[in-house]
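Student: I have this model open and I'd like a close look at a single part of it. Please pick one strand, take me through it, and then show me how other parts are held together.

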Amino acid sequence: MTGKIQQGERNWQHSLREPMIDELHARPFLRLKAPCRLAYIALKPEQDGSHTADLSRRQLTAFLARFGAAPPDEDAVYHSADLGDMVLKWEHHSEFATYTLFGCKAVEHEDNFAHFLHRHFAAEWLNAFDGKIISSVTARIDLVPDETALDAHLSERAEDWFGVNATYSAAFVTDQSAAIAADFTTDKDGHMRIAMLANGGIGPGRTGRAMQRMLEIETYRAMSMLTLPVARHILGQLGRLNQSLSETVEAMSAKQRDAGESLEELLHISSDLALLSARSSFRFSAARAYETLVRQRIELLREERILGRQMFAEFMKRRYSPSMRTCHSAHAQLEDISDRTAHAADLLSTRVSVTTAEQNRNLLAKMDTRAAQQARLQETVEGISVVAISYYAVSLLSYLLAPLTKMLPVSKTMLSAALVIPVVLLVWTGMHRLKKRLIREPNGKIDKTQ
């Protein structure tokens, strides 16, 4: 018996195993054979979170319908379509969708790049859907004869492509089998220009991977830098909130405000910070992810210097990294002031707890004093009650025993005097026993043992 999984054994497989394997191959690389022209756009709605797969597929369906091409599958995140003289590659991402049009059959045209391909991204089609261009690239891929050096050809043609005295970055890529140059600016039509030179030693697969990495670098760079305006806004707000927090903590330290005022100010600061965090947390986390992708794609190019030009990694380090550091700084400062506000609230809570405990101790001490005073007053009242009851008891007994004075040689006064001590003792004993019987046990029952 072999180890091959039989058809009837598929129920042994995890339900997500095959979909996850398919996900590894869901976004194949471009296959570009030089010479070639390429037009690329990335579309993202203005509002974060409003980009959906359904919207992206409806926009793709409308684009394909203009060429009579079949629509994508209902759950597609990648689609490729042959549109005659050109090929469309579409990809759906979490925040944006990308459209790549490339043609490698007839590349002779009136312009240097692929503006004729960009015309297919018509304005009426773009306006019909909630998606704005966040990245737009026009690219050319030229085949350089093996006897011509790539750097020499780039030096000869760069002025025609990017203009006189143009500042562009360039590098050998894929083990010097190709060279890529890009200006990272927009031309008069709003496109960034990328030129790639390839010799006969590089195939369509490697050519497509190199170009796709350049497209991804530009797109992820644009997506990550969407966080920069958010970061600048937060830094402006944090200055005000930090000043308010410092004043509140200083007033707490000097005891210039009562706890209620300090708590109200801390609650106001915390609510502002929570609002800033809620509105920016997604963009900050997205910026970190996109920045990582940009650096990974640059590493995969395996750059080598050409013509003494600035390489892409160097360009990003000088022009792109400062923007990302601003975003990271804003995020770190937001977390720092949030932590300090929470710490100030904890200190205020501790102070209130200590003050409350002190007030409770004073209240209990006063209650103990009052209880002692009430006990002494009660004892005094009990003594007066014994005297009063004894007085009335002696009076009644004197009247009751008055006839005995005629039978015994005792006057009424002496008889009353003789009754005083035993009556007082009996009254005191009776009240004491009654008091003890009225003392209740912890379960609420009368303690009859006393």
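**One strand and its surroundings**

Tutor: Let's start with one pairing: valine 137 has methionine 192 of S8 as its bridge partner. Before we go on, this is a predicted model, where local features need pLDDT of at least 70 and side-chain atom pairs count only at pLDDT 80 or more, while totals for chains, interfaces and linings use all residues. Residues are numbered from 1 along each chain as its sequence is written, and side-chain values use heavy atoms, with hydrogens and water left out.

S8 covers residues 192-198 (strands are DSSP E runs of at least two residues, helices H or I runs of at least four, both numbered from the N terminus). Seven of its seven residues are buried, so S8 is largely enclosed by the rest of the structure (buried is under 20% relative accessible area, exposed over 50%, partly exposed in between, with a 1.4 Å probe and protein chains only). Look at which way they point: Met192, Ile194, Met196 and Ala198 go one way, Arg193, Ala195 and Leu197 go the other, and all are buried.

Now the partners. S5 and S8 run parallel and are joined by seven bridges (strands pair if DSSP finds at least two bridges between them). S7 pairs with S8 as well, but in the antiparallel sense, over six bridges. There, alanine 181 stands opposite alanine 195 of S8. The S7 and S8 hairpin has five residues between its strands, and glycine 190 in it takes a positive phi near 90°.

Over in S5 (residues 132-143) you'll find arginine 140. An arginine might catch your eye here: arginine 140 is buried, with a relative accessible area of 6%. Beyond its neighbours within four places in sequence, arginine 140 is in contact (heavy atoms within 4.5 Å) with Ile194, Ala195 and Met196, and also with Cys36, Arg37, Asn112, Phe113, Arg157 and Trp161.

Next, the rings. The structure holds 13 aromatic pairs (Phe, Tyr and Trp rings, the six-membered one for Trp, with centres within 6.5 Å; planes under 30 degrees apart are stacked, over 60 edge-to-face, the rest tilted). Phenylalanine 63 and phenylalanine 121 make a tilted one, because their ring centres are 5.8 Å apart and their planes sit at 35°. Phenylalanine 63 lies in helix H2 (residues 53-65) and phenylalanine 121 in the loop between helix H3 (115-118) and helix H4 (123-127), so this pair ties together parts 58 residues apart in sequence. Phenylalanine 63 is buried at 0% relative accessible area, and phenylalanine 121 is buried at 8%.

Another pair brings us back to S7. The rings of phenylalanine 184 and phenylalanine 315 have centres 4.6 Å apart and planes at 10°, so they count as stacked. Phenylalanine 184 lies in S7 (residues 178-186) and phenylalanine 315 in helix H9 (residues 312-401), so parts 131 residues apart in sequence are tied together. Phenylalanine 184 counts as buried at 16% relative accessibility, and so does phenylalanine 315 at 13%.
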